[in-house]
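Please look through the model shown here with an eye to its cysteines and to the build of one of its chains. The paragraphs after it take these two topics in turn.

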Amino acid sequence: MSGAVDLSPRVPAVRRIGPALGSDPLLASLVVLVLAAALGLVLLQPAPYLVNMVGQLAAFAILAVSLDLVWGYLGILSLGHGLFFAIGGYVCAMHLLAHAYAVTGTAPDLMQFMGWKSLPAYWTGLTSAPYALVLALGLAAAVAFVFGLASFRSRVNGVYFSIISQALVYVAMLLMFRNDTGLGGNNGMTGFSVLFGWPMGSPGVVTGLAVAALLTLAGVLVGAKVLVASPIGRRMLACRDDEARLRTLGYSTTRLKLGIWCLSAVIAALAGLLYVPQVGIINPRVLSPDLSIEIAVWVAIGGMGRLGGAVIGAVAVNALKFWLSAAMPEAWPFILSGLVLAVVLGLPNGLLDLAALRLRPASLKPTSLKPTWLRRGGGLR
Amino acid sequence: MSALVVDSLSVVFGAFRALDGLSLAVDAGEVRAVIGPNGAGKTTLLDAITGITRPRSGRIVLGDGLDLTQHGEAAIARAGVRRKFQKPSVFPALTVRENLSLGCGPGCPPGAQADRIAAALAETGLEARAGALAGALAHGEKQWLEIGMVLASEPRVILLDEPVAGLSDAETARTAELIATLRRPDRAILVIEHDMAFVEAVADRVTVLHEGRTLFEGGMAAARADARVIEVFLGR
Amino acid sequence: MVEGVRRLGLVALLAWGASLMMPPALAADAPLERGPFAAALCGDGAAQTKAVEAFLHRAAEAEAAEIAWAGAALRALLDRRLACLGETALLLDRTGAAEGVEAATGTARPAAGGRSPVLGLRQRALVETASGAAALLTGPSVEARRAGLSILERRIGAVPEAFLLRAASAETDPGLRASLAAVAQSAALSSPDPARRLAAIRAVSEAPSGAAFSRLSALKTDAAYGSDPAFRSALDAALARVERAVSIGNGLAVLYNGLSFASILFMAAAGLAIIFGLMGVINLAQGEFIMIGAYATYGVQEVLRRLAPAWLDAYLLAAIPVAFLASAGVGIAIEALILRHLYRRPLMSLLATWAVSLFLINGVRVAVGSQNLQFAMPSYVSGGVPLYADFVVTWNRLFAIAFAVATLALTLVILKRTPLGLDIRAVTQNRDMAACLGIRTRRVDRLAFGFGSGLAGLAGVALCPIYSVNPGMGANFIVDSFMVVVLGGVGTVAGTLVAALGIGSANVLIEPLYGAVAAKVIVLAGIILFLQRRPEGLFAVRRRR
């Protein structure tokens with residue numbers, strides 16, 4: 001896979017892009033497709049709802065890539081990635097409200113709801129988009145760091161990590177459902193009217209957001225590909241397959257996992273940041289454990305351990321969902337569960353198996369699935 | 001000069017004392033074999049040295065005075081202690097070359113890495129398989145690749161856990177040669193093995209473990225003659 | 001027991017009040033003479049007042065039959081069914097009837113020429129009170145007696161304490177007895193006599209409760225609180241005492257609720273822990289197995305309602321095997337159809353069980369509907385016994401606790417005493433070795449999965465009387481039960497039990513202090529911190545890998 005890539009870590013990242021993409025034609029063509037879609041949106045000016053849908057799909061694809069990075073390449077299945085997505089989304093929503101308040105002078109519903117005369121201290125500076133961006137990504141990284149450090153340091157692995165991360169997002173959801181958090185409680189935040197001074201919902205803004213999401217997706221894909229094709233990427237795979245062994249070779253797997261975990265959280269936050277202005281609302285339901293599991297489902301359906309698989313899975317499932325949950329909402333949960341079971345039982349590498357685009361995915365060889373985590377724990381007493 | 005000193009080491013699992021005040025000193029340049037019946041504590045000793053198992057009491061000190069019991073697995077490996085596991089432990093999803101590059105360790109100077117990989121490939125005779133996935137190698141090749149990964153890091157202390165288990169006679173002989181080439185004046189090698197002929201071929205001295213303690217220490221010939229050793233182990 | 005204490009307090013209060021009332025030497029010791037009493041009722045206002053007051057003071061000792069008779073006469077007077085012919089009073093069936101019975105003797109007589117006396121305002125209130133007293137003591141039904149009490153309450157000052165004492169000791173209905181106590185207490189508390197008030201305060205503080213606390217705190221606004229130091233110190237002491245007792249009682253109640261929550265958690269988590277320890281499968285559908293158990297219970301209830309309504313109350317017990325088998329059956333089917341193929345892929349089996357849970361939730365939603373199910377509450381799970389202050393041992397929660405204890409016993413017996421249990425333990429500890437010994441590990445997996453699912457079904461039965469039952473109910477338990485498994489360690493029943501108790505009571509303990517959400521946050525943080533020290537959980541043995 002990366003045999004042609006220079007193994008030395010001294011090569012600048014930019015010069016690794018070519019070889020990295022060259023080694024993964026599927027991903028390269030996806031990147032081209034994404035860029036073409038962005039260009040198409042600008043030139044062809046399709047109907048706004050279509051543009052908006054493409055933009056949302058791109059945000060979901062970014063989210064899926066962020067999860068694939070830790071799951072497919074590092075073996076850490078997070079069932080709490082919705083948390084980081086929500087952090088990006090909430091900070092973005094706060095920025096949009098603060099910004100709209102500053103520009104239009106109309107107090108947002110949230111202020112009336114909370115009975116505020118002015119925005120409280122922790123909203124300070126959120127009128128500035130760069131600050132909001134730094135805050136969103138920094139907050140996601142910080143939360144990921146604290147949680148990751150606590151888990152990885154004590155070697156909480158495998159399904160243990162999965163269910164603790166699920167508890168984390170569940171608790172966060174309960175927290176955000178409270179009305180006294182000052183973030184809209186049950187209703188969340190909505191009514192965004194202005195983006196960078198432009199009226200929200202105007203065709204230009206809709207297209208701009210979708211194009212931004214597509215470009216970010218392309219950037220994230222290329223960056224992630226360079227990462228996984230680098231020596232660090234090899235360490236990730238080694239860590240996924242046998243973490244204890246990698247440690248006995250002198251590598252601090254805690255640091256490796258923590259770094260990638262935080263990076264993944266930042267990418268997920270970026271996805272949330274791009275998603276919220278496109279749907280125009282954020283509420284605690286993005287923190288429901290089910291949504292976080294769904295992210296894993298997209299990746300599994302597309303094919304984990306392949307960045308392209310994550311994108312395909314996210315787009316395929318969500319496009320189907322857009323269509324079916326409107327056409328026959330009752331049937332959608334059954335279709336989704338059937339899809340999951342079919343993929344899990346029949347297509348261990350997801351839809352990529354169907355496409356027969358098998359370029360020896362690095363993942364899911366039977367040997368790599370040896371449940372090393374099963375070793376921990378005692379017998380039944 | 002001792003390269004590795006194990007000083008009254010005890011490891012306890014529940015009520016079971018796997019190692020019971022074990023002491024052992026391996027000199028630089030020496031190949032030491034540790035033998036003993038099943039359950040004598042051989043693999044536990046390696047686990048304690050590599051930091052996988054925390055001892056209840058005692059110390060494990062490297063030649064330069066570093067107490068390994070105070071460090072984690074990664075730090076111990078970076079200090080120059082490397083282990084070949086009993087089960088071949090290579091990364092199946094990576095190529096032979098990539099496995100070796102991981103074997104060099106994180107402290108490997110970037111300029112030296114290519115040379116070390118080449119050297120390890122040559123010594124293990126895996127040049128032709130450099131681009132193959134480790135998962136696709138034969139059992140013997142995996143064992144050698146693992147030894148190559150140990151080699152690539154240029155360790156001070158090498159721990160080999162049953163390096164010839166499950167190998168054919170020809171492969172065993174080839175492994176014995178490989179171990180002979182590992183020997184260096186500034187390096188201590190500790191081998192755990194059941195194959196007595198192999199031990200006799202590679203080891204300078206043997207330590208016989210029994211129930212977590214040293215039963216005998218000396219040459220292989222003397223070990224074969226020792227009445228207690230015969231009783232617990234050889235004379236079965 | 002505590003009920004007894006409460007009654008003692010009431011009796012003491014009333015007895016004391018009665019003794020206080022004795023000295024004003026009312027000539028009421030003589031037995032009630034029917035003739036003069038009836039005549040007095042026919043007399044002027046003063047005569048009526050005197051007779052009725054005398055009756056009220058007599059009522060504490062008079063024979064029940066006598067009181068019933070007086071009550072009937074008073075009732076008749078109130079309803080204008082009393083006809084006076086000179087000195088004789090006749091009781092009529094209805095106002096203006098042609099014939100009645102002589103009040104004193106019961107002999108029938110024509111009522112022609114009789115006069116029905118009209119009560120004055122003062123007398124009317126007094127007669128009402130007296131007839132209420134008679135109703136309270138001799139009323140044939142709880143309702144009649146309760147109506148009597150509510151009449152008494154309006155003029156409680158006129159009612160002698162001794163009478164209330166008698167009514168309380170004669171009363172058989174616990175609810176009405178409690179009301180009597182409350183009425184007597186507030187009567188004494190607002191008494192104009194300071195000594196009587198002090199004694200009442202003391203007596204109230206003997207039977208502490210939240211209601212007693214608010215009744216006492218109301219006295220702080222009383223003028224005496226500022227002017228009378230003795231009153232003030234007595235009230236403060238009593239308040240402190242009641243407050244302490246109430247908080248102890250509330251503490252007990254919290255622990256009790258925690259215990260019952262922990263019981264449900266244990267039942268949900270025990271199955272998870274067995275399945276996880278054995279097969280490494282994280283079963284995200286475990287919450288739905290609970291739901292299936294609850295729906296099976298509902299089904300049993302409905303079947304009994306149609307086929308054997310007399311046995312309806314037994315539905316919770318009848319549902320035990322049904323719920324167990326329903327959940328176990330679904331579990332075994334899922335194992336055989338899906339999970340069997342995924343044992344080497346724990347994360348994929350996790351997603352598969354999520355898909356199953358999605359399917360089950362929506363399947364039930366479509367088939368039955370998403371509304372909460374209505375359960376009949378059999379007598380053995382409704383109400384409870386007040387134990388201390390406001391702490392009431394409610395039967396529904398006790399049911400869940402007893403159920404969990406039985407489940408624990410069942411689990412231990414199956415794991416430790418049956419061949420299947422031995423197989424489960426063997427496969428959990430060393431699958432390959434067990435297979436070599438000829439244990440059919442696949443079959444063990446299937447049966448254990450069924451057993452674990454069945455345990456969740458039992459949890460579903462136990463929570464029917466406590467929590468609401470709807471298709472999405474599983475989600476309320478699943479995260480907590482996973483935390484139990486993580487904290488307790490894989491595959492240890494003891495660990496699961498201790499962790500369930502810990503998480504259950506921690507949740508319930510923190511909740512009243514900082515709120516339910518903070519409780520969850522603190523518990524999660526606590527678990528993560530705990531795993532820093534013992535990543536393998538509470539009860540995992542340290543052993544060689």
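What follows deals with the cysteines and then with chain B.

The model is a predicted one, and side-chain atom pairs enter the account only at pLDDT 80 or more. With a disulfide taken as a pair of cysteine sulfur atoms within 2.5 Å, the count over all chains comes to one disulfide. The two partners are C:C42 and C:C84, whose sulfur atoms lie 1.9 Å from each other, and the link between them is left-handed, with an angle of -85° about the S-S bond. Because C:C42 sits in the loop between α2 (34–41) and α3 (45–58) of chain C, while C:C84 belongs to strand β1 (residues 82–85) of that chain, the pair ties together parts that are 42 residues apart in sequence.

Which side of the burial cut-off do these two cysteines fall on, buried or exposed? Since a residue counts as buried when its relative accessible area is under 20%, C:C42 is buried at 6% relative accessibility, and C:C84 is likewise buried at 4%.

A cysteine of chain B offers another case to consider. B:C104 takes part in no disulfide, and the nearest cysteine sulfur, which belongs to B:C108, is 4.1 Å away; that value does not satisfy the limit of within 2.5 Å that defines a disulfide. B:C104 is nevertheless buried, with a relative accessible area of 4%. In chain C, C:C464 is also a buried cysteine, and its relative accessible area is 3%.

Turning to chain B as a whole, the reader will find nine helices and nine strands in it. Its C-alpha trace spans about 50 × 40 × 35 Å along the principal axes. How does the radius of gyration of chain B agree with that of a compact globule, and what are the two values? For 236 residues a compact globule would have a radius of gyration near 18 Å, and chain B, which has 17 Å, therefore agrees with it.

The interior and the contacts of chain B can be described in the following terms. Of its 236 residues, 58% are buried, and among the contacts between residues at least 6 apart in sequence, 67% join residues that are at least 24 apart. As for the surface, chain B exposes about 8800 Å², of which carbon and sulfur atoms supply 51%. The chain carries 25 positive and 29 negative side chains, and the centres of these two sets lie 4 Å apart.

Note on methods:
Residues are numbered from 1 along each chain as its sequence is written. Chains are lettered from A and ligands numbered from 1 in the order in which they are written. This is a predicted model: local features need pLDDT of at least 70, side-chain atom pairs count only at pLDDT 80 or more; totals for chains, interfaces and linings use all residues. Side-chain values use heavy atoms; hydrogens and water are left out. Helices (H or I, at least four residues) and strands (E, at least two) are DSSP runs, numbered from the N terminus. Buried means under 20% relative accessible area, exposed over 50%, partly exposed in between (1.4 Å probe, protein chains only). The radius of gyration is taken over C-alpha atoms; the globule rule is 2.2 Å times the number of residues to the power 0.38. Contact means heavy atoms within 4.5 Å. Accessible areas come from the Shrake-Rupley method with a 1.4 Å probe; for residues, only the protein chains shown count as cover. Lys and Arg count as positive and Asp and Glu as negative; His and the chain ends are not counted. The place of a charge is taken as NZ of Lys, CZ of Arg, CG of Asp or CD of Glu.
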